[in-house]
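Ready for a few warm-up exercises? Have a go at each one yourself before you read its solution.

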Amino acid sequence: MASLTKAEEETAAAEEWSDEAVIYVNSVRRVLRRPRAPHPAPTSVFGEQSLDVVKVAVEPALHFAINACLAPLYSVEGMHIITVEGIGNRQQDAFRVFSKRDDLLYIDSSPKNADGRPICPSTGKPCSCGDEKDTDASESSLLAHTKNYSPCSYNEIDGSVYSEKELIFPPELQLRKVMSLKLNGFNGIKWYRPIKLKQVLHLKACYPNAKLINGNSEVGIETKFKNAQYSDLISVTHVPELHNLIMKEDGIHIGSSVSLAQLQNFLRKVILERDSHEISSCEAVLRQLKWFAGTQIRNVASVGGNICTASPISDLNPLWMATGATFEILDVNNNIRTTPAKDFFLGYRKVDLKPDEILLSVILPWTRPFEFVKEFKQAHRREDDIALVNAGMRVYIRKAKGDWIISDVSIVYGGVAAVPLSASKTETFLTRKKWDYGLLDETFDLLKEDILLAENAPGGMVEFRNSLTLSFFFNFFLHVNHEMNIKGFWKDGLPAASLSAIESYTRPVGVGIQCYELVRQGTAVGQPVVHMSSMLQVTGEAEYTDDTPTPPNTLHAALVLSTKAHARILCIDASLAKSSPGFVGLFLSKDVPGANHTGPVVHDEEVFASDVVTCVGQIVGIVVADTHDNAKAAANKVNIEYAELPAILSIEEAVKAGSFHPNTKKCLVKGNVEECFVSGACNRIIEGEVRVGGQEHFYMEPQCALVWPVDSGNEIHMISSTQAPQKHQIVVCKTKRIGGGFGGKETRSAIFAAAASVASYCLRRPVKIVLDRDVDMMTTGQRHSFLGKYKVGFTNDGKILALDLDLYNNGGNSLDLSLPVMERAMFHSDNVYDIPNIRVSGQVCFTNFPSNTAFRGFGGPQAMLIAENWIQHMATELKRSPEEIKELNFQREGYVLHYGQLLQNSTIRSVWDELKVSCNFIEARKAVIGFNNNNRWRKRGIAMVPTKFGISFNSKFMNQAGALVQVYTDGTVLVAHGGVEMGQGIHTKVAQVAASSFNIPLSIGCMSTNHGSDLVQACYMERIDLSAHGFYITPDVGFDWVSGKGTPFYYFTYGAAFAEVEIDTLTGDFHTRTVDIVMDLGSSINPAIDIGQIEGGFVQGLGWVALEELKWGDDNHKWIRPGHLFTCGPGSYKIPSVNDIPLNFKVSLLKGVSNPKVIHSSKAVGEPPFFLGSAVLFAIKDAIYAARAEEGHFDWFSLDNPATPERIRMACVDSITKKFATIYYRPKLSV
């Protein structure tokens, strides 16, 4: 410990510290002195967006993107922040940027020259344009109005780098001396930003437990999601001694504050300059950094920060250990000690670092000739995802008596223990062994002893993760052999078929093709018009519910949620919450002024749980406070005592216990299933079970509502992010636009609005509620998981004769829309296939999970996925391709469906035939077979999948709509309709229809021609009504569940998709090479929007079948607390990224068809394409069949969705997987 006292240390450096933080936001100067939050982040000002930060340390300016949600506002002091609003706006140009200046810049703190004249912040030259008034800019809001001036491109420092389309870097920041910062926050929090190493050590001596931060990517998560509290924060981003990047004789010296992006750039330079035998470690680290988080994180996250957080899944720590890296550690007395990376990690999140020490640097040694280093990482998703298992491996071999002997070896795994784990027994065994294939079997056995996960280890997927440890070593072994061969030291290289095991994946540039014909009707219908809100969205100007300006005295709400799956509430203690800063009130069931029960169909759900909670995440109460953060903090302090009750946590448990929602058992019958099975007509009968996983809606804007009382509380007004304003039962409910819904905001938004309304009504004050992402995912329900049990009879020719199908869906703890979801699933259980004898039974399970709800497709995709599974099962039994079986059994025009509806205007055969030609299916199959024959460890697969989606609501009364059209005397036209814009383009299409109907151009509904305006004026003068009300009911629809017959759908939308994928059989990785889609949309009102819906729906469907897995605390996941959702955020739940878009993506609209039943012969497009994403699942399964064939396994196997790397790898059975599971192993799934 340093000899100076804390007071002496602070006094000694007092003159060097500043308490003023200066930043520029879109060229507007701001001074931060009194933050609004103890740990302020740009999120509070800029929202959840990526910021471009311009920082000048050396010329020229450095641009880098950061995440607003993680960057403390103080961390960007001295920098120029450019938000999406600073890029441009739709009035000037979506991508045109102007320099901005503000009168508030000219204040006493502005830079001045030697004569005392102000220096213009825009030009850097002396000027007299400043405002002489004494203005305190520090008190101005970051959102204050600014005065815009003309573009200015002059800059005395470097005028050549700016143009009128670029925001200049503020000269004040270029000329300003960088100062150490000492700033205060609420609750005694202190923020320090030293600029010298000695200052860091002084601070560490004063505050041994202070948290050192660089990018805040770890501390930000801890404070935001784990309620961690740190009183002293030391930002070391400006300490030069910690930013060293130097090449020395013993290796590369990497300062602990060096960002990962800086390290990437430096390693690229090193690899070009050094001898090839020295850089194996450098190459491994560089390759690992490519998949380390995202660009915004790598730009700010530091090497030292990643090391010292000691995450068990750190991608770099196993590599530091394997490469023999050493860490230099500095104490407050300037003493340096060195420790090997292998000895640095002591336990879970514990390292060999004393409170008075800091990590100074990392020394990455050069590799020697015949020394090889390789990195490994396997995640759910390739891009921007945390590792499931990672590893670093190094081997040094030397030649002795004609053999290559292992002189030194290091094998380290991450993601398998609390710390990176060395395979010590394996390393000892391998040392002095001959490097050849003979060592593999014994090495595998020793690795299995060294690295063995327990059955219920945190993270689950035990069999998969164990197999990866062996797969990684096998890959490393092949990698070394290949390197020795290409460098000329070994004559025999890898067999050609094995080269695929070591090929690294590099994504080529993708290609998209859209094919459609223009069928123009009137002035606008049929044209590929751009979405009316698109320019607002790309410039960040589009306003959503959370952007709504709040009224004065608005309070913010946070929910008090159940932490038990099923329990009786014994008592609620709010004493700590009431003493929390900013607390205003807590409202429970007793405070509800009306009925406490709600529900869209059956009122079986309480707004606030009164006596018993039936799921984790059920609302018990709502806390309101002066800020969002204070409301959350107070809600977390409400203590609830429970008496736990037995819980039902899966469909299988519900079926076994007879736990069903009342009156939900349904049945549809056609023909006589039992008689067909026993008649002998069926040459073959198969039985099976399909488990269908759920899916999170993951809309971009979470559930959000702003509620305020009117007329002394007699009325409640609301702005809500909802798909169904009418379901909120409020006097006035407005919805401008919502940031995605997909069904998740159809009914589930109402209960959150109701909870906020109770608080607003009782307090007579506005209340705003915005759910955090984790709370949203935990409480709002998802796509229903399904269990399907089938029995299918068919002939040897492949003709389907009978289907007996039992369907169960997971309704959760309230009925919500689970019954109509089940009904639509039953209607779609045939997909497009002719089944003479069919019986479909369905029932909704009551479980102790949050109520599941509507999702794009509304049960149809789940049922069709089950159908495609038993079709594949048939094909496997008959040893024929699934496509042949499908074609043989297509429904034809005039076919009577199993619910009595006559099939009319069927185009499935036309769609299918056009797709076969478009994708050249026969040649594609030949190419895949050829590839698979030549590659042992990578396999390709293809599949074609059809769909038939019924268009109409299941409930007859919902098939109605109205509109009000008004023509104004200035020639403009206003159309009011009942639809909600959620990105699907309904406003754009309505405008097109209106424009064509009036024969006017589509320019915001304006009658711009003289003739049009004259006509309107003439009508007005003659007192002719210039408004009209339209009302429509869908004809000829209705269904009787007593008889099981009727016409539930007005028409069908048809489509088909082809997909080709490539899988890595050793890791389970995959990518989609090609997708080809053909859809019948009749005569499209807007082909551009419709194709966008097809592409978006397909990718969302791809996520459902191949990426997105919900993991609940159930019997299959005992490492998760019962009833809790583990995958409650983007860190663990992975939606498709840009890299998951198919490399070749073609969408075609069937030409020459119309839909005589609907306006302008168009068809609905939002939901039908979603199921086509399943083509990727079945293409993956086709590739797995090829992998299993290598081991002599040709029979049927189950592949549940999503086909994650775990399911792919464990299905590709080989000698490695057989060490941990049987060939029929089925990874666990929450259903």
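Below are four exercises on this predicted model, each with a worked solution.

**Exercise 1. Work out which parts of the chain the salt bridge between Glu-449 and Lys-425 links, and how open to solvent each partner is.**

Step 1: Start with the distance. The closest N and O atoms of Glu-449 and Lys-425 are 3.7 Å apart, and the cut-off is 4 Å, so the pair counts as a salt bridge.
Step 2: Place the partners. Glu-449 belongs to helix α12 (residues 440-450) and Lys-425 to helix α11 (residues 424-430), with their positions 24 residues apart.
Step 3: Check accessibility. Glu-449 has a relative accessible area of 52%, so it is exposed because the cut-off is over 50%. Lys-425, at 46%, is partly exposed.

**Exercise 2. Do the same for Lys-768 and Asp-546: which elements hold them, and is each one buried or partly exposed?**

Step 1: In this salt bridge the closest N and O atoms are 2.7 Å apart.
Step 2: Lys-768 sits in strand β36 (residues 767-770), while Asp-546 is in the loop between α14 (534-538) and β23 (555-561); they are 222 residues apart.
Step 3: With a relative accessible area of 9%, Lys-768 is buried. Asp-546 comes out at 38%, which makes it partly exposed.
Step 4: Now widen the view. Arg-368, Glu-371, Arg-394 and Asp-408 are joined into one network by salt bridges that share partners, and the model's salt bridge count is 52.

**Exercise 3. Find which residues touch the most other members of the largest nonpolar core.**

Step 1: That core has 112 residues, and the ones to pick out are Trp-870, Ile-1077, Phe-1098 and Ile-1180.
Step 2: Follow one of them. Beyond its neighbours within four places in sequence, Ile-1077 has contacts including Leu-915, Ile-1094, Phe-1098 and Leu-1172.
Step 3: Don't stop there: a second, separate core has 50 residues, among them Trp-404 and Phe-474.

**Exercise 4. Why can Gln-723, Phe-742 and Arg-856 be said to gather at one spot?**

Step 1: An unreviewed UniProt entry annotates these three residues as "binding site".
Step 2: They span 134 residues in sequence, but no two of their C-alpha atoms are more than 12.5 Å apart, so they gather at one spot.
Step 3: Look at the loops. Gln-723 lies between β34 (715-720) and β35 (732-734), and Arg-856 between β39 (837-846) and α22 (860-878).
Step 4: Compare contacts. Phe-742 is among the contacts of Gln-723, and also among those of Arg-856.
Step 5: Finish with accessibility. Gln-723 is buried at 16%, and Arg-856 is buried at 9%.

Key. Residues numbered from 1 in each chain as written. Predicted model: local features only at pLDDT ≥ 70, side-chain atom pairs only at ≥ 80, totals over all residues. Heavy atoms only, no water. Salt bridge = Lys/Arg side-chain N within 4 Å of Asp/Glu carboxyl O. Helix = DSSP H or I, 4+ residues; strand = E, 2+ residues; numbered from the N terminus. Buried < 20%, exposed > 50% of the residue type's maximum accessible area, 1.4 Å probe, protein only. Core = buried A, V, L, I, M, F, W, Y, C linked by side-chain atoms within 4.5 Å. Contact = heavy atoms within 4.5 Å. UniProt positions renumbered as here; feature names shortened; annotations may be inferred.
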